[in-house]
Amino acid sequence: LSLISLDDSWTSEFYLSHPKNKFWTSDVDEIVETMRYILSASDIKSLKTMPVNEKLEYISNYWSEIDPTPESKENELLDEFKSRVEFSNLNFSNLSKGYRSDRGRVYIIYGPPESVEKFSNYDGVYQVWNYTSGSSFVFIDRNGFGNFILVRQTL
């Protein structure tokens, strides 16, 4: 949408939501950006060059192909992914959407941690996320504003 008035102009994009939208947002670019956590770099690169309808078709086909129970109405993997993205956006947003944050990325890829340790020292506030797989992720908030940055991970 573009508005032009004499010497001023204003442009904004908006997306219409459909009640049958099965993804976590109606913003196709945001869907593609979030899919980078699970798709290969080459898939994301080619997705970015596709027209919007082809992007949605590609992503829909991807989720259909990996549906663990295609005979059921629900796609459990898509539902879990959607839930993780929504949780990240609600809980890890700071200056940007939560899925873009380090904690959001880890949460989307690995799910909720088994345990979270919190401590602080002169450097800042730390969170250590531990997983039953043995993986752990250390985040630090250096300024106390909730902007946690990944500083170490063990896999």
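With which side chain does the side chain of S135 make a polar contact? In this predicted model, the partner is the side chain of S133, at 3.2 Å. As for its place in the fold, S135 sits in the loop that runs between β4 (124-130) and β5 (136-141). Loop residue or not, S135 is buried, since its relative accessible area of 7% falls under the 20% cut-off. Once neighbours within four places in sequence are set aside, the residues in contact with S135 are W129, N130, T154 and L155. Of these, W129 and N130 fall within the 124-130 span of β4, while T154 belongs to the edge strand β6 (149-154).

That brings in the sheet itself. Four strands make up an open sheet in the order β3-β4-β5-β6, and their pairing is antiparallel. At the edges are β3 (115-121) and β6 (149-154), each of which pairs on one side only. On average, and with direction ignored, neighbouring strands here are turned by 20° against each other. In the middle of the strand order, β4 and β5 run antiparallel and are joined by six bridges. As for who faces whom, V125 is found opposite D141 of β5. A helix also comes into play: α5, covering residues 102-110, packs on the sheet and touches β4, β5 and β6. The direction of α5 makes about 160° with that of β5.

Then there are the rings. The model has 14 aromatic pairs. One of them is Y62 with W63, which counts as edge-to-face because the planes stand at 80°, over the 60-degree cut-off; the ring centres are 5.3 Å apart. W63 is buried as well, with a relative accessibility of 3%. Y62 and W63 also belong to a wider group, in which ring pairs link them with F23, W24 and F81 into a cluster.

Another aromatic pair takes the story back to the strands around S135. Y131 and F137 are edge-to-face too, with 5.8 Å from centre to centre and 90° between the planes. Here F137 lies within the span of β5 (136-141). Both partners are buried: Y131 has a relative accessibility of 11%, and F137 has a relative accessible area of 1%. The loop between β4 and β5 thus holds the buried S135, whose side chain is in polar contact with that of S133.

Notes
Residues are numbered from 1 along each chain as its sequence is written. This is a predicted model: local features need pLDDT of at least 70, side-chain atom pairs count only at pLDDT 80 or more; totals for chains, interfaces and linings use all residues. Side-chain values use heavy atoms; hydrogens and water are left out. Helices (H or I, at least four residues) and strands (E, at least two) are DSSP runs, numbered from the N terminus. Buried means under 20% relative accessible area, exposed over 50%, partly exposed in between (1.4 Å probe, protein chains only). A polar contact is a pair of N or O atoms within 3.5 Å; within protein, one must be able to donate a hydrogen and the other to accept it, and residues adjacent in sequence count only if both atoms are side-chain atoms. Contact means heavy atoms within 4.5 Å. Two strands pair if DSSP finds at least two bridges between them. Axes are lines fitted to C-alpha atoms, for helices over the stretch in contact, and angles run from 0 to 180 degrees between N-to-C directions. Rings of Phe, Tyr and Trp (its six-membered ring) pair if their centres lie within 6.5 Å; planes under 30 degrees apart count as stacked, over 60 as edge-to-face and the rest as tilted.
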